[in-house]
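Hello,

Here is the structure I promised to pass on to you. Have a look at it first, and then read on for my notes.

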Amino acid sequence: RGEGRGEEEYSDYEEEGQGGEESIGQGKKGKEAGVTKARKLSARAKKIIKKREPKIIEDVKEAMFIKGPKTSAVILKVLSDLAGLKKPNAIIMKKKNEVRPFESESSIDFFSDKNDASLFMYGSHNKKRPHNLIIGRTFDYHLLDMMEFGVQNFKCMQDFGSEDIIEGSKPAFIFQGEAFEKIEALQTFANIMTDFYRGEVYDKIDLKSLDHVIVCTASPDIVQPEGKDPEGTIFFRHYKIVLLRSGTNVPRVELMEIGPSMDLVLRRMKFASKELMKEATRVPKGAKKRKIKNIETTAFAKLGTIHKGRQDFEQIQTRKNKALKALRNEREEEGEGGEGGEGEEG
């Protein structure tokens with residue numbers, strides 16, 4: 001069934017109906033009744049089960065790289081290079097496996113459950129579909145969606161003679177072409193690729209950590225016949241981001257192609273239903289940000305709205321000045337004196 005992480009983990013599980021059972025009852029009656037009691041799980045098994053429990057903030061998704069019953073040198077290099085971009089969250093299966101995802105989903109479900117992985121890449125080669133590559137996802141250890149491509153004009157990273165990317169660094173993505181805006185299948189492809197190489201989520205990113213970018217360009221001749229899957233090619237290119245001096249605080253950016261480079265010809269596709277996708281993308285209550293009243297957060301700042309009642313200008317406290325007070329008192333005294341003089345004359 002192939003190799004992968006998790007083979008040793010399952011050895012600690014004690015299931016009902018297996019060698020670790022104890023019969024309840026006396027003599028043959030208890031055995032004939034088939035009433036058994038499972039052994040207690042070991043500390044290691046409990047730890048594994050707890051690790052697999054749903055979390056509000058999920059861990060980084062693991063990806064499986066599976067070889068089909070027959071492969072070619074091109075497909076092996078494709079899987080190797082793409083797995084290198086996914087490390088350290090890549091599970092590379094060394095043996096060939098009798099797996100055909102579009103014919104039977106059970107093998108993918110088994111590998112997903114065994115390795116606790118929700119992403120996979122499958123490579124195979126035959127006369128009908130040469131240099132075949134399948135990229136897909138699982139949800140709750142069952143197949144969610146997948147897309148099949150034919151690999152053409154492939155160049156590995158060694159052909160460019162470039163240095164390896166730092167393990168664990170996340171690539172930036174650029175999806176260019178009108179087809180990514182108009183064709184729903186290509187929008188799903190962009191979603192799968194960003195999900196595949198998403199990695200850990202950070203609040204802030206250092207500019208120097210953005211050291212490579214993956215550019216996917218949809219060819220202008222991509223069409224989607226009515227009621228059928230789209231046909232065409234997606235150009236997959238990988239570049240290293242080089243920051244150079246520009247004489248200002250903002251560096252000058254140049255792109256240097258480092259591979260892998262290939263043309264992905266669209267083949268078969270299988271997508272999840274709307275109900276299943278809605279369930280897979282549901283955000284738990286604990287992960288939702290609590291909305292704070294009268295506070296709005298933008299991409300640049302946090303803005304607050306303050307509501308004040310109507311002001312009474314007669315009760316506003318003004319600034320008191322001693323000089324003005326003395327002058328006012330003098331004027332009041334002069335006014336009183338003038339009124340008294342007029343009365344005497346009268």
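To start you off: is Glu-148 buried or exposed? Please keep in mind that this is a predicted model. With a relative accessibility of 1%, Glu-148 counts as buried, because buried means under 20%. You will find Glu-148 in strand β7, which covers residues 142-155. The side chain of Glu-148 has a partner there: a polar contact of 2.8 Å joins it to the side chain of Arg-268.

Next, the salt bridges. The count comes to 11, and a good place to begin is Arg-137. Lys-61, Arg-137, Asp-145 and Asp-195 are linked in a network of salt bridges. Within this network, Arg-137 and Asp-145 meet through their side chains, at 2.7 Å from N to O. Arg-137 also forms a salt bridge with Asp-195, where the closest N and O atoms are 3.3 Å apart. What does this second pair tie together? Asp-195 belongs to helix α7 (residues 184-196) and Arg-137 to strand β6 (residues 132-139), so the pair connects parts that are 58 residues apart in sequence.

How buried are these residues? Asp-145 has a relative accessible area of 0% and is buried. Arg-137 counts as buried too, at 6% relative accessibility. Asp-195 is buried as well, with a relative accessible area of 14%, which is under the 20% that sets the limit for buried.

Another salt bridge to look at is the one between Arg-282 and Glu-279, with 3.8 Å between the closest N and O atoms. Here Arg-282 counts as exposed, at 55% relative accessibility, because exposed means over 50%. Glu-279, with a relative accessible area of 38%, is partly exposed.

Last comes a spot on the surface. Which residues form a negative surface patch? They are Glu-330, Glu-332, Glu-333 and Glu-334. One of them, Glu-330, sits in helix α9, which runs over residues 322-345. At 45% relative accessibility, Glu-330 counts as partly exposed.

If you would like a short route through the model, begin with Glu-148 and its polar contact to Arg-268, go on to the network that includes Arg-137, and finish at the negative patch that includes Glu-330.

Happy exploring, and best wishes

Key:
Residues numbered from 1 in each chain as written. Predicted model: local features only at pLDDT ≥ 70, side-chain atom pairs only at ≥ 80, totals over all residues. Heavy atoms only, no water. Patch = residues over 30% accessible without salt bridge, like charges linked within 9 Å, V, L, I, M, F, W, Y side chains within 5 Å. Areas by Shrake-Rupley, 256 points an atom, 1.4 Å probe, with all protein chains shown as cover. Salt bridge = Lys/Arg side-chain N within 4 Å of Asp/Glu carboxyl O. Lys, Arg positive; Asp, Glu negative; His and termini not counted. Charge placed at Lys NZ, Arg CZ, Asp CG, Glu CD. Helix = DSSP H or I, 4+ residues; strand = E, 2+ residues; numbered from the N terminus. Buried < 20%, exposed > 50% of the residue type's maximum accessible area, 1.4 Å probe, protein only. Polar contact = N/O pair within 3.5 Å; in protein donor to acceptor, adjacent residues only side chain to side chain.
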